[in-house]
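This report examines selected side-chain contacts in one protein chain. Please consult the sequence and the structure as you read.

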Amino acid sequence: QVQFVESGGGLVQPGGSLRLSCAASGIIFSRYAMGWYRQAPGKQRELVATIARGGSTSYADSVKGRFTISRDNAKNTVYLQMNSLKPEDTAVYYCNAGVSIATMPLGSWGQGTQVTVSS
C-alpha cells in the first residue's frame, strides 16, 4: 500500500532554515504529483506546496518566496526547503500524492514531522 515517511523537522529559531524529506513507497513515484501539507495545533491541515509530475511548482501565499519544493524520482523522495522561517510556520508537516494536483491527497497519511519555530 501507499506509504509516506517524513523526516527532517526540528526546533529552529525565527529566520532559520530546515529541509524536510518525504520518502514514498507503494506508488510509481514519477507518475504522481506530490505535495506538502501542514497542520498547526487547533487548525485544519493546509496545502503548502505542490510539484507536478513534470516539475512545475505552486505555493501557498503564506510560504511563497521562502519555501521550495523539489523531487528526486530516482529516490522516490520529495523535499521541502524552508528558509526565513517564522513562528507561524510551526506545525506538523506531511507529504502526500495524487495522480494530479487536483486529486491530492491519496488519503493515507504518514506520521508527519514536527517543525517548531521559536526563540
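Over the face of which ring does R19 lie?

## Charged groups over rings

R19 lies over the face of Y79, and the distance to the ring centre is 4.0 Å. The model discussed here is predicted. A further arrangement of this kind involves R45, which is placed over the face of W109 at 4.0 Å from the ring centre. The residue W109 also takes part in the aromatic pairs described below.

## Aromatic pairs

Across the whole structure, a search finds 2 aromatic pairs. In one of them, Y37 and W109 meet edge-to-face, with 5.0 Å from centre to centre and 90° between the planes. Y37 belongs to strand β4, which covers residues 33-39, while W109 is in the loop between β9 (91-98) and β10 (113-117); the pair therefore ties together parts that are 72 residues apart in sequence. The planes count as edge-to-face because their angle is over 60 degrees.

Y94 and W109 form an aromatic pair as well, again edge-to-face, at 5.8 Å centre to centre and with 75° between the planes. This pair links distant parts of the chain, since Y94 is in strand β9 and W109 in the loop between β9 and β10, 15 residues apart. Taken together, ring pairs link Y37, Y94 and W109 into a cluster.

## Burial within the cluster

Are the members of the cluster buried or partly exposed? Y37 has 8% relative accessibility and so counts as buried. Y94, at 10% relative accessibility, is likewise counted as buried. Both assignments follow because buried means under 20% relative accessible area. W109, in contrast, has a relative accessible area of 32% and is therefore partly exposed.

## The disulfide

How many disulfides does a search of the whole structure find? The search finds 1 disulfide. The bond joins C22 to C95, with an S to S distance of 1.7 Å. C22 lies in strand β3 (residues 18-25) and C95 in strand β9, so the pair ties together parts that are 73 residues apart in sequence. Both C22 and C95 are buried.

Strand β9 thus appears in two of the descriptions above, because C95 of the disulfide lies in this strand, and Y94 of the aromatic cluster is also in strand β9.

Methods
Residues are numbered from 1 along each chain as its sequence is written. This is a predicted model: local features need pLDDT of at least 70, side-chain atom pairs count only at pLDDT 80 or more; totals for chains, interfaces and linings use all residues. Side-chain values use heavy atoms; hydrogens and water are left out. Rings of Phe, Tyr and Trp (its six-membered ring) pair if their centres lie within 6.5 Å; planes under 30 degrees apart count as stacked, over 60 as edge-to-face and the rest as tilted. Helices (H or I, at least four residues) and strands (E, at least two) are DSSP runs, numbered from the N terminus. Buried means under 20% relative accessible area, exposed over 50%, partly exposed in between (1.4 Å probe, protein chains only). A charge sits over a ring if NZ of Lys or CZ of Arg is within 6 Å of the ring centre and within 35 degrees of the ring normal. A disulfide is a pair of cysteine sulfur atoms within 2.5 Å.
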